[in-house]
Amino acid sequence: MSAPAPATAPGAVLNQGATAEAIQHHYDVSDDFYALWLDTSLTYTCALYQDPADPAETLECAQRRKLDHLVEQARAGGARRVLDIGCGWGSLLRRLAEVYEVPAAVGLTLSATQAARVREQALPGVEVRLEPWQEHRPEGDGYDAIISIGAFEHFAAPGLPRAERVAAYREFFERCAGWLPPGGRLALQTNVKGNNVVMDRATVRDQLFIMDMIFPESEIPALSEVIHGAERQFDVVSLRNDAPHYSRTLREWHRRLTARRTEAIALVGEETTAHYERYLRSAADHFDRRHLGLARITFEKVR
Ligand SMILES: C[S@@+](CC[C@H](N)C(=O)[O-])C[C@H]1O[C@@H](n2cnc3c(N)ncnc32)[C@H](O)[C@@H]1O
């Protein structure tokens, strides 16, 4: 696996975040590869454990709890129309359609294979669009609730000055606010920078490896930047940092991938398999040592 060729001219500012090409570099590796080590719903974000230290709880159960938590936080359960920004392989859309019987749910992704997989499932009332939120124009009068899980990390290009990053995030929040009624909620889950900034050289190398080889063109926000971007649009009604839940999730993914290494190598080759093992192992360490945090934030549109 190698990082994609830059999609923009050298020196050009790419403040809108990861391009479709960069996203596909990661998410279109191979659906079968991801199916080897994700849970059966193919949810590719931090789970929510009752107790991340309790080894008895399954990843499947913790992923369901996470989806239900965010649905509840966004008040999406009884909604008419729900938007899922960064829908992945469709686990939230499926839950909205099948468990909550939401009549219309729209998912956005930049990955063609993810969009195809969601369409294949023919979920009632679900529409998936292969488009960035920056280009999304909802039909009718918008949405009653918005949920975005693990996509925000892709919304600003790496290396921008803080003010430009916040401006990119502000645009996201302005769009969301424009699609919601007064009092409408946005439930957001995103990795954030942790406040332990002391790192040894090996950790710094691992971080650069993840940025270059696994998630090109993406940057993890500081929590303060997320909150700053939402100012004047949304109030924060709840916020939790679930870093231990992400290290548990990543270790479980790593355990599953290692257990099925032979099949993984047959699907994507030895180098890519080794890269993913390194990424999952070192990212778990980052969360354990609080170089990274996992924010679940519930925003309510100000009236
Ligand atoms: C880590 S995956 C998370 C998928 C899913 N929410 C889950 O929990 O499994 C990130 C998702 O964000 C999407 N994404 C990234 N940038 C986006 C953008 N600008 N607009 C819409 N979707 C985007 C990717 O295509 C991918 O589906």
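This report walks through the ligand site and one helix pair of a predicted model.

## Around the ligand

Let's start with the ligand, which has 22 residues surrounding it. The closest are Tyr44, Thr45, Gly86, Thr109 and Gln114. By kind, the shell is made up of eleven nonpolar residues, ten polar ones and a single charged one.

## Polar contacts with the ligand

Some individual atom pairs are worth finding in the view. Threonine 45 places a polar side-chain atom 2.6 Å from an oxygen atom of the ligand. Glycine 88 takes part through its backbone: one of its N or O atoms lies 3.1 Å from a ligand oxygen atom. Tryptophan 133 also uses a polar backbone atom, here 3.1 Å from a nitrogen atom of the ligand.

How much of the ligand's accessible area does the protein cover? On its own the ligand has 600 Å² of accessible area, and the protein covers 97% of that. Two elements give two or more residues each to the surrounding shell: helix H1 (20–27) and strand S2 (104–109).

## Where H10 meets H11

Now move along the chain to helix H10 (residues 261–268) and helix H11 (residues 270–288). Their axes are 7 Å apart and pack at an angle of about 125 degrees, so the two helices are oblique to each other.

Which residues bring them together? From H10 come Arg261, Ala264, Ile265 and Val268, and these meet Glu270, Thr272, Thr273 and Glu277 in H11. Sorted by kind, the residues of this contact are three nonpolar, two polar and three charged.

Note on methods
Residues are numbered from 1 along each chain as its sequence is written. This is a predicted model: local features need pLDDT of at least 70, side-chain atom pairs count only at pLDDT 80 or more; totals for chains, interfaces and linings use all residues. Side-chain values use heavy atoms; hydrogens and water are left out. A residue is near a molecule or strand if one of its heavy atoms lies within 4 Å of it. A polar contact is a pair of N or O atoms within 3.5 Å; within protein, one must be able to donate a hydrogen and the other to accept it, and residues adjacent in sequence count only if both atoms are side-chain atoms. Accessible areas come from the Shrake-Rupley method with a 1.4 Å probe; for residues, only the protein chains shown count as cover. Helices (H or I, at least four residues) and strands (E, at least two) are DSSP runs, numbered from the N terminus. Ala, Val, Leu, Ile, Met, Phe, Trp, Tyr, Cys and Pro count as nonpolar, Asp, Glu, Lys and Arg as charged, and the others, Gly among them, as polar. Axes are lines fitted to C-alpha atoms, for helices over the stretch in contact, and angles run from 0 to 180 degrees between N-to-C directions. Angles under 35 degrees count as roughly parallel, over 145 as roughly antiparallel, 65 to 115 as roughly perpendicular and the rest as oblique. Contact means heavy atoms within 4.5 Å.
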